[in-house]
Amino acid sequence: MDGSSDLGKVQRMAVAMERLSAVVAGFLLLVNVGDIVLGIFFRYVMKSSIIWTEEVARYSLVWLVMLGAAGAQAKGDHMSIDFLAPRFPRWLKKVSYVARMGIQAVVLILLIWLGGKNVAGTWTMKTMALGIPKAIPLMAVPIGMSMLLMQLLLQELHRPSDGGDRS
């Protein structure tokens, strides 16, 4: 296999990951908004609250944010403070880029590991209103951060080898 076909596969995987993230996050946004509207309707129009709407809103929002992070990474929509790096000499840009990528990877791996440990201890606990295992909403962190790490790695594999100099 030649390098260009490998790059094409990596790019297709990155695009597929971004689309999956966007579709799932979009669906969860619809669930979240629909749930909130349903809760408001029942509380103020029907004068009767549905007990589970608050939990569905909270958990769908958490999942939306965690799964949507990979799509935001692909589009470059995560916040960054870059007023210094563009002024660096080329060698320092490369060093700062490698340091930034390393820190991101370490933080994501820690979040995946610690999130997984947290999930493992909560399968027997139930949520108050829905009565589902507490692990289900907590799985958003390790799953979302795994997708974010995968997107970060796919982008790094697809990035031209310019040493992080994107100016």
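Hi everyone. Before anything else, one term: a residue counts as buried when its relative accessible area is under 20%, and as exposed when that value is over 50%. Please also keep in mind that this is a predicted model.

Let's begin with helix H3, residues 90–120. Along H3, the buried positions are Lys 93, Tyr 97, Met 101, Ala 105, Leu 108, Gly 115 and Val 119. What covers them? Helix H4, at 135–138, and H5 are included in that cover. As for geometry, H3 has 31 residues, and its first and last C-alpha atoms are 45 Å apart, close to the 45 Å expected at 1.5 Å a residue.

H5 runs from 140 to 158, and its length works out nicely too. It has 19 residues, so at 1.5 Å a residue it should span 27 Å, and its end C-alpha atoms are indeed 27 Å apart. The buried residues of H5 include Met 145, Met 147, Leu 148 and Leu 152, along with Pro 142 and Gly 144.

Now, the core. The largest nonpolar core holds 19 residues, and Leu 28, Trp 63, Leu 67, Leu 108, Met 145, Met 147 and Leu 148 are those with the most contacts inside it. At least two of its residues come from each of H1 (3–45), H2 (53–75), H3 and H5. As a general point, nonpolar side chains tend to be buried together in soluble globular proteins. Let me pick out Met 147: setting aside neighbours within four places in sequence, Met 147 is in contact with Met 17, Leu 20, Ser 21, Leu 67 and Ala 70.

Next, one for the pocket people. The second largest pocket encloses about 170 Å³ of space. Which residues line this pocket? They are Gln 73, His 78, Ile 103, Gln 104, Val 107, Leu 108, Leu 111, Met 145, Leu 148 and Leu 152. H3 and H5 are the elements that each give two or more residues to that lining, and the largest share, 5 residues, comes from H3. By class, the lining has 7 nonpolar and 3 polar residues, with no charged ones.

Gln 73, from that lining, sits in helix H2. Is Gln 73 buried or exposed? Its relative accessible area is 15%, and the cut-off for buried is under 20%, so Gln 73 is buried. Leaving out neighbours within four places in sequence, Gln 73 is in contact with His 78, Gln 104, Leu 148, Gln 151, Leu 152 and Gln 155.

Over in helix H1 we find Glu 18, which counts as buried at 15% relative accessibility. Not counting residues up to four places away in sequence, Glu 18 touches Gly 71, Ala 74, Lys 75 and Gln 151.

Finally, two loop residues. Lys 47 lies in the loop between H1 and H2, and at 67% relative accessibility it counts as exposed. Here is something to check in your viewer: Lys 47 has a positive phi of about 60 degrees, although it is not a glycine. Most residues other than glycine have a negative phi.

Thr 124 is in the loop between H3 and H4, and it is exposed, with a relative accessible area of 73%. From Thr 124 to Leu 38 the C-alpha distance is 29 Å, with their positions 86 residues apart in sequence.

That's my tour. Thanks for listening!

Notes: Residues are numbered from 1 along each chain as its sequence is written. This is a predicted model: local features need pLDDT of at least 70, side-chain atom pairs count only at pLDDT 80 or more; totals for chains, interfaces and linings use all residues. Side-chain values use heavy atoms; hydrogens and water are left out. On a 1 Å grid over the protein atoms alone, a cavity is a set of points where a 1.4 Å probe fits but cannot get out, and a pocket is an open set with protein on both sides within 12 Å along at least five of seven lines; lining residues have an atom within 4 Å of a point. Grid points are joined across faces, edges and corners, and a volume is the space filled by probe spheres set on the points. Helices (H or I, at least four residues) and strands (E, at least two) are DSSP runs, numbered from the N terminus. Ala, Val, Leu, Ile, Met, Phe, Trp, Tyr, Cys and Pro count as nonpolar, Asp, Glu, Lys and Arg as charged, and the others, Gly among them, as polar. The expected span of a helix is 1.5 Å times one less than its number of residues. Buried means under 20% relative accessible area, exposed over 50%, partly exposed in between (1.4 Å probe, protein chains only). Contact means heavy atoms within 4.5 Å. A nonpolar core is a set of buried Ala, Val, Leu, Ile, Met, Phe, Trp, Tyr and Cys residues joined through side-chain atoms within 4.5 Å.
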